[in-house]
Amino acid sequence: MPRRRSNLGRRTRGAEAVRRVIANQTEEERASANERNRQRMAQKRAEEAAEQRAARLEYARWRARRARRAQRSRSAASDLLRSQQNERNRLRVAERRQRETADPRQNVQRILRERLCYQSSHSNLFGLQVQYKHLIELLKRTAIHGESNSVLIIGPRGSGKTMLINHALKELMEVEDVSENVLQVHLNGLLQINDKIALKEITRQLNLENVVGDKVFGSFAENLSFILEALKKEFPDKLFAEKWNENVQCLSEDKSVQEVLQKHFNVSKSLRSLHMLLMLALSRVTTSHPFITAADLMEANQLCSMDSKANIVHGLSVLEICLIIAMKHLNDIYEEEPFNFQMVYNEFQKFVQRKAHSVYNFEKPVVMKAFEHLQQLELIRPVERTSINAQREYQLMKLLLDNTQIMNALQKYPNCPTDVRQWATSSLSWL
């Protein structure tokens with residue numbers, strides 16, 4: 001009898017067919033969903049890109065508008081600063097012209113001070129002809145041909161460095177091609193100690209005072225024109241200049257003035273010291289005292305020759321003055337031989353016991369302190385190096401004041417006791 005076919009196989013194949021149909025439908029749906037997702041993402045990216053392009057375009061337009069506003073603002077600020085600078089230049093020119101038309105006696109001191117302070121000497125150069133020629137050629141090539149040259153002038157103090165450069169600049173400024181291309185700026189290393197201070201001084205000398213931070217606004221050509229115009233000034237009043245020159249000529253023929261200049265020359269042959277003498281005399285020139293007199297030069301010479309050590313004596317105590325007088329007598333007795341504290345103390349005791357009526361007899365330690373103070377003031381100094389084991393009372397010393405300095409100081413010493421003054425001027429017969 002034939003076998004019955006099982007329904008299990010048919011059901012299994014049917015289930016597999018159903019699963020294949022479902023799988024095919026799911027794959028199609030998944031692919032369709034993925035495609036829709038890709039389309040949405042592409043559309044989203046396109047929209048975002050469009051928004052970014054629009055934002056960048058708007059930002060660029062905003063920056064352009066801001067740049068235009070800033071440019072207009074800078075232009076307005078620059079115009080304002082330039083107008084302010086021009087106004088200041090006009091005020092300076094007006095002020096300078098007002099000074100020129102004012103009383104010439106108010107200008108003579110300022111002009112002569114400038115000549116003395118900047119050492120604008122017009123004398124000939126001696127012994128510097130080779131250096132002068134080399135300097136002139138170097139500066140000409142710099143000013144005319146635009147060469148980037150530098151020069152360092154070195155030499156001992158008072159050898160003529162400043163005079164050399166001043167003569168060279170004076171000659172160069174008389175050449176038209178040079179004067180049109182040269183602008184002088186003077187800096188001092190003792191005053192302009194860093195770049196920032198030097199920049200401020202340069203802008204001040206160039207009249208570029210409208211400085212904001214590290215930038216300078218305004219027209220450089222306008223400032224240069226103002227500077228060149230200001231530098232063209234001579235003394236304005238020729239009549240007063242003639243009177244001044246006549247007065248100087250009369251002073252040069254005055255015997256007292258000649259004696260002052262001769263004494264000053266004997267002490268110092270430096271032009272710097274002569275400038276100091278003339279500056280002190282010029283400081284007395286005023287509107288009511290418009291000309292230098294012989295008395296002005298004599299007083300200036302006294303100030304220049306003032307002894308610093310004699311001025312120190314004016315501030316000493318009476319005890320210290322007495323010790324200096326005792327040293328003076330010891331120098332007279334022993335002919336400038338060294339002395340020690342014990343010798344000075346014995347001399348002071350003789351004066352107190354025999355002659356003094358207004359000087360207190362101080363104890364020896366107090367006198368020693370006064371003696372040491374004179375050494376600190378460098379009015380006396382030890383002859384030899386001090387030994388550790390040496391007694392201070394017997395250390396040999398030397399007086400650094402001569403008799404003339406001592407007597408001149410006593411004449412100006414305030415409230416000096418009469419006994420002390422007489423002791424200083426007395427002879428040695430009473431000893």
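1. A good place to start is E372, which forms a salt bridge with R392, their closest N and O atoms being 2.4 Å apart. A salt bridge here is a side-chain nitrogen of Lys or Arg within 4 Å of a carboxyl oxygen of Asp or Glu. E372 lies in helix 15 and R392 in the loop between strand 3 (380-382) and strand 4, so this pair ties together parts that are 20 residues apart in sequence. Helices (H or I, at least four residues) and strands (E, at least two) are DSSP runs, numbered from the N terminus.

2. Before you go on, please note that this is a predicted model, in which local features need pLDDT of at least 70 and side-chain atom pairs count only at pLDDT 80 or more, while totals for chains, interfaces and linings use all residues. Residues are numbered from 1 along each chain as its sequence is written, and side-chain values use heavy atoms, with hydrogens and water left out.

3. How many salt bridges does a search of the whole structure find? The search finds seven. One of the pairings joins the side chains of R38 and E35 (2.5 Å, N to O). These two residues are three apart in helix 1 (residues 7-101), so about one helical turn separates R38 from E35.

4. K170 also has a salt-bridge partner, E174, with 3.3 Å between the closest N and O atoms. Is E174 buried or exposed? E174 counts as exposed, at 59% relative accessibility, whereas K170 is partly exposed, with a relative accessible area of 42%. Buried means under 20% relative accessible area, exposed over 50%, and partly exposed in between (1.4 Å probe, protein chains only). Elsewhere, salt bridges link R284, D296 and E299 in a network.

5. Now look inside, at the largest nonpolar core. Such a core is a set of buried Ala, Val, Leu, Ile, Met, Phe, Trp, Tyr and Cys residues joined through side-chain atoms within 4.5 Å. This one has 36 residues, and L323, M327, F339 and F371 touch the most other members. Among the elements giving two or more residues to the core are helix 14, helix 15 (364-376) and helix 17 (418-425). Helix 13 provides the largest share, nine residues.

6. Finally, turn to the surface, where E335, E336, E337 and D402 form a negative patch. Patch residues have over 30% relative accessible area and no salt bridge; like charges are joined within 9 Å, and nonpolar side chains (Val, Leu, Ile, Met, Phe, Trp, Tyr) within 5 Å. E335 sits in the loop between helix 13 (318-334) and helix 14 (341-354), and E335 counts as exposed at 65% relative accessibility.

Conventions:
Areas by Shrake-Rupley, 256 points an atom, 1.4 Å probe, with all protein chains shown as cover. Lys, Arg positive; Asp, Glu negative; His and termini not counted. Charge placed at Lys NZ, Arg CZ, Asp CG, Glu CD.
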